[in-house]
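Visitor: Before we start, please tie each label to the value behind it.
Guide: Agreed. Here is the model.

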Amino acid sequence: MDILIYGIINSFSLALMAIGFTLVYGISRLPNFAHGALYVITGFLVWSLINLLKLHYAISIPLALIIMGLVGAAIYRFVLIRVRGMATSEIIATYALGLAILEFLRWGGFKGMTYTLPVFIEGKIDISGIPIDFQRIIVVGIGIVVVAFMWLFTHFNKIGLALRGMAQDEHAAMMLGIDSDWMAVIAMAMGSILAGISAIALLPLGNIVVEAGYNVLILSIAVCIVGGLGSWVGAILAAFMIGFLQIITVAYIQSHFQMVVALLAIIITLILRPSGLFGRQKELEERV
Amino acid sequence: MSTIERRKERLDRGIKVRTEGIYAVSSWQEVTYLVLPRLILIVGLLLLPLLIPILGFSPYWKRVVSMAAIYGLLALGFDFLAHFVGLVSLGGAFFIGVGGYTAALLNKSLGLSPVFTIPMATVGGAIICTLLLLPALPLRGVYFAIVTLMYPLAIMRIIEALNIFGGTDGILGVAGFPNTWIEQYLIILIVIFALFGLRRLVNEDIGLVFRGVKDNDQSVRASGLSITLYKAIAVFIASGLGCLGGAYLAHIYMWAGISQFALDFSVIPIAATVIGGGGTLVGPLLGCFFLVPISEWLRTFGTLRIVFYSVILMAFIMFRSEGVMVYAQRKYHQFQRWVKV
């Protein structure tokens, strides 16, 4: 029973982390290796807003998310737009950007003491005898809301539909008057906001540490690859697969292997089905 | 106000065209044109260890020369894979780590001297790396990059979790080199040999196939050649260079540990390649001899140095993605002039 409950919570955490990455990749074919860095930045941003500027928690969250959106847009507008279309350069540029941010945070003021965000609501609840804190339930709630919002947004909103068009066929979308660069800016901004949301939901469960940036990057890449890069349904299903696998590993083998599971999942998926569970449409591009 | 539309025209220098064929020996000037750049590089590298005591640097900097050369090997491998075969490998640390651990294990458990462990770790490590990367070889672009990024991290976690190979302490007490001169000159000779060997290789027939794999793999396939086989050969060569560096590193520091899978080994070669000029092979090497000393010099700033070269890397890839050596070669071989459109 506890495997089921913790599995669901872990799966929703993974889905939250990965959805921003898969959104950006799905729409503008940009592998955003700075995703983990954006996640950590949000944590430190919210922390600074609360503790340095003495803002209320409820105000600092939306403020931080707006800033993250602007940061994401700026990253695309000033950095990525110059290397767009050159796969190697895109990878190196985003990877370097993520490294620069993370290592700067590691070097900079954020060390020495532990940084934590307050949980939204204190307290625990018993579900069939297993105590669960409210924050974990909120994670599941936010996960459901985000997934639902993304689905509604991309099916019933003009910008969302344009994003989807861009993801399916860039040239056809451009012929219909959709600006490729603007859509990529929006995608990057939304991707950063999603990274921020996941940070705000997940970070109160532990400390804000720089290593989390690398872990989040690896986990979200794992989820996206297993699910098929750019496929949202796939990403969510993959999040559940990896989430449960991890919890089962922790329960029966050793907690050290949690990350190894994710890495093995990537490698096995790539051997058996390189385009992932649901990445059917672009199979030829990915594999010879 | 009238604007004249002009464009820049680039032409090969006459001397370049003349020296390309068999007429190179027709005059001293042409021989010099051909030989001088290579000679400067070789003599410069060979003089480097001698210059350090003369210029008053502390003996510590001798170690830096060896480190730069090890990074140079990695950068050569990265450049070769990325610009001649089209495989972007973000996991240079994987090669270093495998080579280092192989050499250390051979040395500690079988008691072999570095004379044997280094070549054995080079070939054996390259075989291990190639076999482990084999499943990832059919992948392209982003996918290959992601997988190679994962490998060093995965191995690190596995070593930590299983507590094998000395766990987090690493393998201590690996045999060292008899003296620093041998240590420095051996690696410098290896680097020079690797550089000119690779340059020759990419212009042989197999090099043409490699470039074919990069530019249009379907056409290579249509010619009845196995893409995966050629990619495997290329990965074998590049990982061999990396493992050689790793084995050397283990013997220099008399230690092999999980920090050999650390990020530095993946990032500096990439930065050196971008700065030095991808696709030239010389550029990445010089980039390493430029970046590694700076990185050592910045060691007091801790992880800020990673920030430093990440930012350089980004700036270069955004604004000067061709790199220094491509620019220098263009200036050396070509002249340019304005012509009216």
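Guide: This is a predicted model. In it, α4(A) is mostly covered, with 17 of its 21 residues buried.

Visitor: What makes a residue of α4(A) count as buried?
Guide: The cut-off is 20 or more other C-beta atoms within 10 Å of its own. In α4(A), 17 of the 21 residues count as buried, so the helix is called mostly covered. Across chain A, 50% of the 288 residues count as buried.

Visitor: How do you know that the span of α4(A) agrees with its number of residues?
Guide: Take 1.5 Å times one less than the number of residues. For the 21 residues of α4(A) that gives 30 Å, and the end C-alpha atoms are 30 Å apart, so the two agree.

Visitor: Where does α4(A) stand in the contact between the chains?
Guide: The contact takes 36 residues from chain A and 40 residues from chain B. On the chain A side, α3 (57-83), α4 (87-107), α9 (211-227) and α11 (258-272) each supply at least two residues. α4(A) gives the most, with 15 residues. By type, the chain A side divides into 27 nonpolar, 4 polar and 5 charged.

Visitor: How many helices and strands does chain A have?
Guide: Chain A has 12 helices and 2 strands. From the N terminus the order is α-α-α-α-β-β-α-α-α-α-α-α-α-α.

Visitor: Now chain B. Why is α12(B) called oblique to α14(B)?
Guide: Helix α12 (residues 282-297) and helix α14 (residues 324-333) of chain B pack at about 125°, with axes 8 Å apart. Roughly perpendicular covers 65 to 115 degrees, and roughly antiparallel starts over 145. The angle of about 125° fits neither, so the pair is oblique. The crossing of α12(B) and α14(B) is right-handed.

Visitor: Which residues meet there?
Guide: Val282(B), Gly283(B) and Leu286(B) of α12(B) meet Val324(B), Met325(B) and Val326(B) of α14(B). The residues of this contact divide into 5 nonpolar, 1 polar and no charged. Gly counts as polar, so Gly283(B) is the polar one.

Visitor: Why is Pro119(B) called partly exposed?
Guide: Pro119(B) has 13 other C-beta atoms within 10 Å. Exposed needs 12 or fewer and buried needs 20 or more, so a count of 13 falls in between. Pro119(B) lies in helix α5 (residues 114-133) of chain B.

Visitor: How far apart are Pro119(B) and Ala103(B), in sequence and in space?
Guide: Pro119(B) and Ala103(B) are 16 residues apart in sequence and 8.8 Å apart in space, C-alpha to C-alpha.

Conventions: Residues numbered from 1 in each chain as written. Chains lettered and ligands numbered in written order. Predicted model: local features only at pLDDT ≥ 70, side-chain atom pairs only at ≥ 80, totals over all residues. Contact = placed C-beta atoms within 7 Å. Helix = DSSP H or I, 4+ residues; strand = E, 2+ residues; numbered from the N terminus. Axes fitted to C-alpha atoms, helices over the stretch in contact; angles between N-to-C directions. Left-handed = near helix turned anticlockwise from the far one by under 90°.
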